[in-house]
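This report goes through one structure, site by site. It starts with the ligand and then turns to individual residues.

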Amino acid sequence: MSELAVATSSVNLGQGFPDTDGPAEVAQAAADAILSGRGNQYPPGPGVPPLRAAIADHQRRFYGLEVDPDREILVTAGATEAIAATLLALVEPGDEVIAFEPYYDSYAACIAMAGGVRVPVTLTAPDFRPDLDALRAAVTDRTRVILLNSPHNPTGSVFTRAELAAIAELACSRDLLVISDEVYEHMVFTGEHVPITTLPGMAERTATISSAAKTFSFTGWKIGWVTGTPQMVSAVRTVKQFLTFVSGGPFQYAIAQALALPDEYYRSIAADLLVKRDLMCDGLASAGFEVYRPDGTYFITTSIKPFGDAAASGLEFCRALPKTAGVVAIPMQVFYDHPEAGQFQVRFAFCKRKEVLNEAIARLGVLQAG
Ligand SMILES: Cc1ncc(COP(=O)(O)O)c(C=O)c1O
């Protein structure tokens, strides 16, 4: 879709990457690290010590968690590698992995690479809440992992403390592991972000994943991390050793600095995005879409049903959109195991400059709901 955007000079609201870089001082820190020779050679396998210390400080500062930087943290090539390595480490062939669909596309691929069996539980429009009865019913004797993602891409749903407590209770009673992808942890507009590992009984069974990509708007640097018990982290490290071994040495030093930015920086992430969310939600609604206003992340899910016959499916709609309106969006059905559940859903990313969003809204004005 990003290639299509370039080829058609469309406004690209498809892939989730910001169109402005993160803080200048963090970029400067990366340049300084390169020029002063920090991280230019293979960094330590678990990640450079200042970054692991900074991740531990972050978990304490925001969630009151105590994480041992030496035994309970592994730095990875983005959250993408953390997800892959954690699934490969924890899932045996034939194990079932429950995940809430629609899901981030790497989940299906990584569960398959681990030889696992994907068991989807559907988040349903308009509010995309987790159906806890369906989740309980999905657990079998072969279930090994619940793969969570809150705030959730692509729906923007933020699981409540009560929903997470119910998931935690289930994990404890059925002796399941939880892999919790929290890359949008600082992008919450309504409610709060609760790491499931903070809930009773969960620290010993949760691998928590996050990343610098979204929080600091440096998606190209690919610095992520996983935290968990020493046993889990050691198993994930063993896998990572043969995936990338290490990566992003100088960027690791810069992200160590970024994580220590003042509270004001972290507050500004959600505050800035909230303005853009509302701008884009209102613009999409006036262009004729049914809009599901997200509680978190930088994605908006819409329904194209109001466009009637012109919208046979999100896939066709998104294929035509660059030509009809000069805008690129993503058909949500690609994120579902049950594509019919997302047949009429289309996702827009709003992590773009306001003038870009306004241009997209103006272009989408050519669509006629009817
Ligand atoms: C839910 C989710 N997890 C993981 C990632 C990947 O993060 P990273 O860029 O750090 O690999 C993304 C990126 O879009 C995402 O949306």
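Tyr-184 places a polar side-chain atom 2.6 Å from an oxygen atom of the ligand. The model is predicted. Two further side chains make polar approaches to ligand oxygen atoms, and the table sets out the distances.

| Residue | Distance from its polar side-chain atom to a ligand oxygen atom |
|---|---|
| Thr-80 | 2.5 Å |
| Tyr-184 | 2.6 Å |
| Lys-214 | 2.8 Å |

How much of the ligand's own accessible area does the protein cover? On its own, the ligand has 390 Å² of accessible area, and the protein covers 93% of that. The ligand occupies the space of the largest pocket. Two elements each give two or more residues to the shell around the ligand: α4, residues 78-90, and α8, residues 212-216. Helix α4 provides the largest share, with four residues. In total, 15 residues surround the ligand. The closest are Thr-80, Asp-181, Tyr-184, Ser-211 and Lys-222.

**Two buried helix residues**

Ile-255 sits in helix α10, which spans residues 249-259. Is Ile-255 buried or exposed? Its relative accessible area is 0%, so Ile-255 is buried. Beyond residues up to four places away in sequence, Ile-255 touches Val-26, Leu-51, Ala-212, Phe-216, Trp-221, Ile-223 and Trp-225. Take Phe-216 from that list. Ile-255 and Phe-216 are 39 residues apart in sequence, yet their C-alpha atoms are 8.3 Å apart in space.

Arg-52 belongs to helix α3, residues 49-63. Arg-52 counts as buried because its relative accessibility is 7%, under the 20% limit. Which side chain does Arg-52 meet in a polar contact? The partner is Asp-70, and the contact between the two side chains is 3.3 Å. Asp-70 also appears among the residues in contact with Arg-52 once neighbours within four places in sequence are set aside. The others are Pro-46, Gly-47, Pro-69, Ile-73 and Val-75.

**Cis peptide bonds**

Where do cis peptide bonds occur? One joins Glu-101 and Pro-102, with omega about 0°. Pro-102 lies in the loop between β3 (96-101) and α5 (105-113). Another joins Ser-150 and Pro-151, with omega about -10°. Pro-151 is in the loop that runs between β5 (143-149) and α7 (161-173).

**Positive phi in loops**

Ser-9 has a phi near 50°, a positive value in a residue other than glycine. Ser-9 is part of the loop between α1 (2-7) and β1 (11-12). With a relative accessible area of 56%, Ser-9 passes the 50% mark and is therefore exposed.

Asp-175 also has a positive phi, near 55°, and is likewise a residue other than glycine. Its loop links α7 and β6 (177-181). Asp-175 is exposed, because its relative accessible area of 58% is over 50%.

**Recap**

The ligand has 93% of its accessible area covered by the protein. Ile-255 in α10 and Arg-52 in α3 are buried, at 0% and 7%. Ser-9 and Asp-175 are exposed loop residues, one between α1 and β1, the other between α7 and β6.

Note on methods: Residues numbered from 1 in each chain as written. Predicted model: local features only at pLDDT ≥ 70, side-chain atom pairs only at ≥ 80, totals over all residues. Heavy atoms only, no water. Buried < 20%, exposed > 50% of the residue type's maximum accessible area, 1.4 Å probe, protein only. Contact = heavy atoms within 4.5 Å. Near = heavy atom within 4 Å. Polar contact = N/O pair within 3.5 Å; in protein donor to acceptor, adjacent residues only side chain to side chain. Areas by Shrake-Rupley, 256 points an atom, 1.4 Å probe, with all protein chains shown as cover. 1 Å grid on protein atoms, 1.4 Å probe; cavity = no way out; pocket = protein on both sides within 12 Å on 5 of 7 lines; lining within 4 Å. Sits in = over half its atoms within 2 Å of the grid points.
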